[in-house]
Amino acid sequence: MELAWVLGTPLFGAIVLAVLGARRSAAELNVVISLATLIAAAALVLRIIGQGSMTVAHEQFFVDPFNVFLIALTALIGFTTAVFSRPYMRIEQDHGRLNTHRLRLYHSMYQLFMAAMLVALSTNNMGLLWVAMEAATLSTVLLVSLYRTRASIEAAWKYFILCGVGIALALFGTILLYFAAERLLGGEGMRALLWTHLNAAKGQLDPTVIGLAFVFLLVGYGTKVGLAPLHNWLPDAHAEGPTPVSAVLSGLLLNVAMYAVVRCKILAAGAMHSALPGRMLMAFGLFSTVLAAFLLWRQRDIKRLFGYSSIEHMGIITFAFGMGGPLANFAALLHMTVHSLTKSAIFFAAGHASQIAGTQRIDGIRGLLAVSPTVGWGLMLGSLAILGTPPFGVFTSEYMVLITAMRDHPWATPFLLIALAVAFAAIFFKVQPMVFGETDARRLPHPPALVPVFVHLSIVLMLGLYIPPALAQWYRLAASLIG
Amino acid sequence: MMPPLNLATQLLHVLAAGLLMISFSMLAQRRTRRLIVLLAWQGVVLTASTLLVAVTAHLQHLYYSAALTLIEKVWLMPWILLRLMRRLGIEGDSDPLVNIPTLMLVGLGLVIFAFGLAQPISSLATTVTRQTLGIAMAVILLAFLMMIARHKAVTQVIGFLSMENGLFFAATSTTYGMPMVIELGIALDLLVGVFIFGIFFFQIREQFDSLDLHQLEALKED
């Protein structure tokens with residue numbers, strides 16, 4: 001019942017906003033719908049805590065401690081982003097970059113995107129997971145090109161084609177998975193596509209077919225995670241889309257794609273009786289982390305900079321899931337949480353910063369503290385948090401990843417440490433002059449919505465200092481499910 | 001020693017070969033309009049093969065699936081694409097290709113690779129169409145090659161749809177198709193995708209005055 005509300009609310013919201021989205025009050029309506037989704041998600045969480053994992057609607061949907069925390073995170077950031085986008089989009093409209101017609105598209109697609117992600121997270125059906133992932137791509141393509149500038153159209157086209165091809169490969173992987181399972185579980189009633197059944201029978205699935213299927217699934221969904229060398233679409237889409245879209249792409253969509261990869265990895269590791277799937281994740285993850293860290297130096301656009309930072313962090317998460325085991329999985333789940341919260345907060349601050357400066361170019365943004373202290377501090381604290389400075393939560397999760405790597409895979413530690421150090425220097429030396437220094441820029445016409453920034457950052461700070469026992473228990477349970 | 005093949009299986013192999021030949025023709029075709037016609041023919045072959053499997057295996061859901069293919073891939077999509085061409089006035093446009101003989105040779109290599117990759121899976125399949133999985137994979141890879149080798153937005157989209165056809169054929173040849181709900185979902189996604197592509201064509205042309213993707217190379221790693 002709670003799940004029906006979680007999925008139904010944004011879907012209903014998309015329709016309502018498609019009709020009413022051009023009104024002045026549509027932004028408030030968007031916030032209300034997102035709040036309703038968040039409340040429904042909270043109810044779902046309480047239900048799962050009370051009753052444990054459950055399957056609903058003829059086993060088509062499945063909620064366990066692993067995905068329920070991602071559902072809650074998605075609903076939370078979906079809500080705060082809606083709050084942030086209200087004044088942000090109003091300023092964009094005043095600057096003449098958007099008209100009411102495009103705002104309607106924005107509001108409606110935003111809700112549709114939320115619905116698609118929530119379906120992808122909660123479905124038990126690997127086929128439906130694919131359909132929902134594709135729907136999430138389709139609903140964001142038009143959002144990335146919302147400004148209709150040359151650069152934004154180019155970015156959206158790249159995003160569409162690359163993710164389209166990627167996700168086509170994932171479909172082939174899904175077909176192979178179905179093929180392997182159908183011989184075992186029977187084709188009727190879609191049991192052979194249901195993750196719970198696949199997971200129960202994974203030991204008997206044919207290792208050759210599953211191995212091949214996993215390669216396609218990893219490359220396919222990995223494109224959406226932004227793993228190098230399939231990451232090309234990510235910085236463009238993040239830089240050229242409107243800031244709230246960058247925040248949800250980076251904070252949420254990457255997580256959903258990561259979730260799909262992890263679900264597939266659990267099946268593949270079980271079927272192949274080997275560490276190969278884990279090793280593949282580790283290789284992709286490490287390569288992404290190192291490559292992104294060095295590419296950070298070359299960025300001159302503030303949103304591209306943090307786009308590359310997302311590739312780096314998804315690399316760390318992939319690496320941690322690849323290592324596996326209770327500690328690494330715990331760290332990866334925690335890192336997913338803190339990265340989402342921090343990165344969306346940074347995009348909020350960076351969006352307002354570029355509105356103040358009138359440009360996204362890093363050397364055009366100066367002295368934010370003098371103009372708008374909240375934006376300046378938001379960007380500075382956010383950057384420090386994402387760089388893994390203690391006592392923020394990112395430090396905790398990165399530390400756990402490093403500890404596990406030193407214990408189990410010592411060869412990987414130097415790469416990780418160098419990447420983290422390089423990324424630290426690159427981002428810190430670029431953010432520092434943006435925040436401090438002199439400027440003649442003026443304040444924004446509408447007060448910026450920075451409550452979400454500081455709410456996110458305080459949660460991240462709290463997770464660094466103290467993880468509530470209930471939450472830790474929850475992560476431990478989820479980590480044990482991943483294996 | 002291969003077991004003797006019955007008539008249906010032989011027919012299926014002929015259809016599969018046809019699919020592969022159409023893929024090669026698409027790779028070599030310069031005219032956008034003819035590419036769309038070839039795409040529609042690929043749809044026809046898919047419909048016929050799905051129907052054939054449905055008849056031989058007595059599977060009800062494959063009849064629906066064949067009907068869906070006929071409507072979406074033979075009629076609706078080519079119709080939308082042709083209409084778009086006419087509206088954009090690029091019906092007779094041609095897309096200059098990289099050296100066709102080289103493209104054909106690379107294509108041949110891909111076919112061999114696809115058959116090698118499909119070998120372990122084909123030997124496990126119990127469906128009548130099991131030998132055709134290699135062809136399905138070849139069609140996917142050839143469509144991929146086509147997307148890489150082309151510069152026009154429209155031709156890339158046609159390549160994308162051809163890849164989807166290959167995936168569909170892979171699904172029928174390994175497992176008698178995906179469950180109906182999933183197929184419907186995929187068909188819907190594809191349709192929305194083509195719709196969005198259409199919007200894009202107009203946006204790209206409005207901003208760049210042409211549908212040549214060479215101009216879409218401003219965003220670089222810097």
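A:R97 is partly exposed, with 37% relative accessible area (partly exposed lies between buried, under 20%, and exposed, over 50%, with a 1.4 Å probe and protein chains only). The model is a predicted one, where local features need pLDDT of at least 70, side-chain atom pairs count only at pLDDT 80 or more, and totals for chains, interfaces and linings use all residues. Residues are numbered from 1 along each chain as its sequence is written, chains are lettered from A and ligands numbered from 1 in the order in which they are written, and side-chain values use heavy atoms, with hydrogens and water left out.

**Exercise 1.** Find the salt-bridge partner of A:R97 and say whether that partner is buried or exposed.

*Solution.*
- Step 1: Recall the rule: a salt bridge is a side-chain nitrogen of Lys or Arg within 4 Å of a carboxyl oxygen of Asp or Glu.
- Step 2: A:R97 meets A:E92 this way, at 3.3 Å from N to O.
- Step 3: A:E92 has 1% relative accessibility, so it counts as buried.

**Exercise 2.** Work out which parts of chain A are linked by the salt bridge between A:E2 and A:R47.

*Solution.*
- Step 1: Check the distance, which is 2.5 Å from N to O.
- Step 2: Place the residues: A:E2 is in helix α1 and A:R47 in helix α2 (residues 26-51), 45 residues apart. Helices here are DSSP runs (H or I, at least four residues), numbered from the N terminus.
- Step 3: Look at the cover: A:E2 is buried at 19%, while A:R47 is partly exposed at 26%.

**Exercise 3.** Now do the pair A:E28 and A:R90, and name the network that holds them.

*Solution.*
- Step 1: Their closest N and O atoms are 3.8 Å apart.
- Step 2: A:E28 belongs to helix α2 and A:R90 to helix α3 (residues 65-94), with their positions 62 residues apart along the chain.
- Step 3: A:E28 is partly exposed at 31%, but A:R90 is buried at 15%.
- Step 4: Add A:R86, and you've got a network of salt bridges made of A:E28, A:R86 and A:R90.
- Step 5: Over all chains, the count comes to nine salt bridges.

**Exercise 4.** Find out how far apart the C-alpha atoms of A:A14 and A:Q111 are.

*Solution.*
- Step 1: Start with A:A14, which sits in helix α1 (residues 2-20) of chain A.
- Step 2: A:A14 is buried, at 5% relative accessible area.
- Step 3: Count along the chain to A:Q111, 97 residues away, then check the C-alpha atoms: they're separated by 4.9 Å.

Notes: Helices (H or I, at least four residues) and strands (E, at least two) are DSSP runs, numbered from the N terminus.
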